[in-house]
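Visitor: Could you take me in for a close look at one part of this protein? I'd like to see how that part sits in the rest of the chain.

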Amino acid sequence: MRITHNVKLSLFFFFLSLLLIAVSAGESKCECSHEDEEGNKAGARKYKIAAIPSVLVAGIIGVLFPLLGNFFPSLRPETNFFFVTKAFAAGVILATGFMHVLPEGYEKLTSPCLKGEAWEFPFTGFIAMVAAILTLSVDSFATSYFHRLHSKTSKKIGDGEEQIGGGGGGGEELGLHVHAHGHAHGIVGVDSGESEVQLHRTRVVAQVLEVGIIVHSVVIGISLGASQSPDTAKALFAALMFHQCFEGLGLGGCIAQGKFNCMSITIMSIFFSVTTPIGIAVGMGISSSYNESSQTALIVQGVLNAASAGILIYMSLVDFLAADFMHPKMQSNTGLRIMAHISLLIGAGIMSLLAKWA
């Protein structure tokens with residue numbers, strides 16, 4: 001049931017993004033369009049076709065690398081190497097939100113093609129803020145729900161064992177033994193319940209993170225597919241391969257910590273990997289009629305990018321960096337803490353440099 005719900009949710013956001021962007025394809029051109037009229041469409045097309053399998057493979061490699069912990073002990077979530085790798089991935093996702101997605105949102109929603117005083121309001125920052133707050137709400141309510149669920153279960157187990165221990169006719173020694181065992185089991189049950197709550201929270205984090213990445217992947221994939229300039233297509237092609245691989249690294253690490261079953265891992269990995277290639281294919285299909293400077297296209301892309309930025313920034317800061325850097329294992333190991341900071345800066349730095357092209 002959970003798998004079906006997750007797939008439906010991801011499909012909903014994916015096809016909603018595609019639908020909204022495709023609707024803008026028929027819009028009349030804006031007078032401030034800057035499309036290169038001398039662009040070599042045939043030259044751009046070869047980069048688009050090559051990008052589909054290349055980006056697909058890069059995404060698969062990125063998302064599967066952290067999931068190899070079952071075969072390589074050094075890649076398991078409790079190891080130092082995993083903490084350092086996850087810090088790198090968090091830097092990538094943080095830079096993606098700040099350096100890639102948010103500026104694109106500002107560019108679209110502050111375009112001179114959008115007429116009217118209403119567009120003087122800073123919608124990009126507002127939408128990103130609302131998306132971050134909604135992500136916090138999902139995170140908070142989901143954690144609270146699972147905490148209450150496991151608290152009730154633990155309480156029922158403890159009450160049942162105490163009733164058995166308090167039954168007459170069994171002798172004081174037996175009653176005391178069972179009663180004491182019941183208390184001990186209750187403590188274990190509470191610890192187990194807390195661990196289960198944290199596991200469910202990690203799964204929620206992985207699912208919300210994938211939604212944020214999917215929305216951005218659809219937009220950037222269509223941008224590459226609709227591009228008519230060989231130079232633009234070449235730059236996007238190269239940047240997207242690194243982009244997809246590094247984002248997959250972050251998502252894969254989150255999936256690994258969530259301890260999903262094999263079917264859920266397969267579905268989430270495949271869905272992440274194919275989103276950008278599908279976006280490229282859709283962009284190629286509508287490239288003849290798609291006008292990225294139309295009002296509808298600007299609004300749709302701006303809103304999607306702003307919302308995606310809010311999600312990615314919140315997830316990287318709160319659920320990745322804050323959670324890991326305040327973890328007892330990190331706090332008690334100075335060497336690990338230094339390596340994690342260096343890894344974070346490298347990941348954020350690389351993705352910041354890629355912002356020049358994509």
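Guide: Sure. Reading along the sequence, you go α-α-α-α-α-α-α-α-α-α, which comes to ten helices and zero strands. Keep in mind that this is a predicted model. The part I'd zoom in on is helix α4, residues 123-165, along with what surrounds it.

Start just before the helix. Phe121 sits in the loop between α3 (80-109) and α4. Is Phe121 buried, exposed or partly exposed? Its relative accessibility is 42%, so it counts as partly exposed. Phe121 also has company on the surface: together with Phe126, Met129, Val130, Ile133 and Leu134 it forms a nonpolar patch, with about 540 Å² of accessible area between them.

Now step into α4 itself, where you'll find Thr124. Thr124 has just 1% relative accessibility, so it is buried. Which residues does Thr124 touch, if you skip those up to four places away in sequence? They are Leu102, Gly105, Tyr106, Leu109 and Ala306.

Further along α4 comes Ser144. With a relative accessible area of 30%, Ser144 falls in the partly exposed class, because that class runs from 20% to 50%. Its C-alpha atom is 8.6 Å from that of Val197, although the two residues are 53 apart along the chain.

Next, look at the packing around this helix. The largest nonpolar core has 42 residues, and the ones touching the most other members are Leu209, Leu251, Ile255, Met315, Phe320 and Phe325. Helix α4 is one of the elements giving two or more residues to this core, the others being α3, α5 (172-226), α6 (230-258), α7 (262-285), α8 (295-325) and α10 (334-354). Apart from that core lies another one, of eleven residues, including Ala44, Ala51, Phe237 and Met284. Going back to Met315, its contacts beyond four places in sequence are Thr135, Val205, Val208, Leu209 and Phe320.

While you're in the neighbourhood of α3 and α8, check out the salt bridge. The structure holds one, and it pairs Lys86 with Asp324, with the closest N and O atoms 3.5 Å apart. Lys86 belongs to helix α3 and Asp324 to helix α8, so the pair ties together parts that are 238 residues apart in sequence. Both Lys86 and Asp324 are buried.

How does the record carve up the chain? An unreviewed UniProt entry places the feature "transmembrane region" at residues 49-69, 81-103, 123-146, 267-286, 298-322 and 334-355. Two of those spans are worth a quick look in the model. Residues 267-286 are 95% helix and 0% strand, with the end C-alpha atoms 27 Å apart. Residues 334-355 also come out at 95% helix and 0% strand, and their end C-alpha atoms lie 32 Å apart.

Finally, zoom back out to the whole chain. Of its 358 residues, 47% are buried. Take the contacts between residues at least 6 apart in sequence: 86% of them join residues at least 24 apart. The accessible surface comes to about 17900 Å², and carbon and sulfur atoms account for 67% of that.

Methods. Residues are numbered from 1 along each chain as its sequence is written. This is a predicted model: local features need pLDDT of at least 70, side-chain atom pairs count only at pLDDT 80 or more; totals for chains, interfaces and linings use all residues. Side-chain values use heavy atoms; hydrogens and water are left out. Patches are made of residues with over 30% relative accessible area and no salt bridge: like charges are joined within 9 Å, nonpolar side chains (Val, Leu, Ile, Met, Phe, Trp, Tyr) within 5 Å. Accessible areas come from the Shrake-Rupley method with a 1.4 Å probe; for residues, only the protein chains shown count as cover. A salt bridge is a side-chain nitrogen of Lys or Arg within 4 Å of a carboxyl oxygen of Asp or Glu. Helices (H or I, at least four residues) and strands (E, at least two) are DSSP runs, numbered from the N terminus. Buried means under 20% relative accessible area, exposed over 50%, partly exposed in between (1.4 Å probe, protein chains only). A nonpolar core is a set of buried Ala, Val, Leu, Ile, Met, Phe, Trp, Tyr and Cys residues joined through side-chain atoms within 4.5 Å. Contact means heavy atoms within 4.5 Å. UniProt positions are given in the numbering used here, feature names are shortened, and annotations may be inferred rather than shown by experiment.
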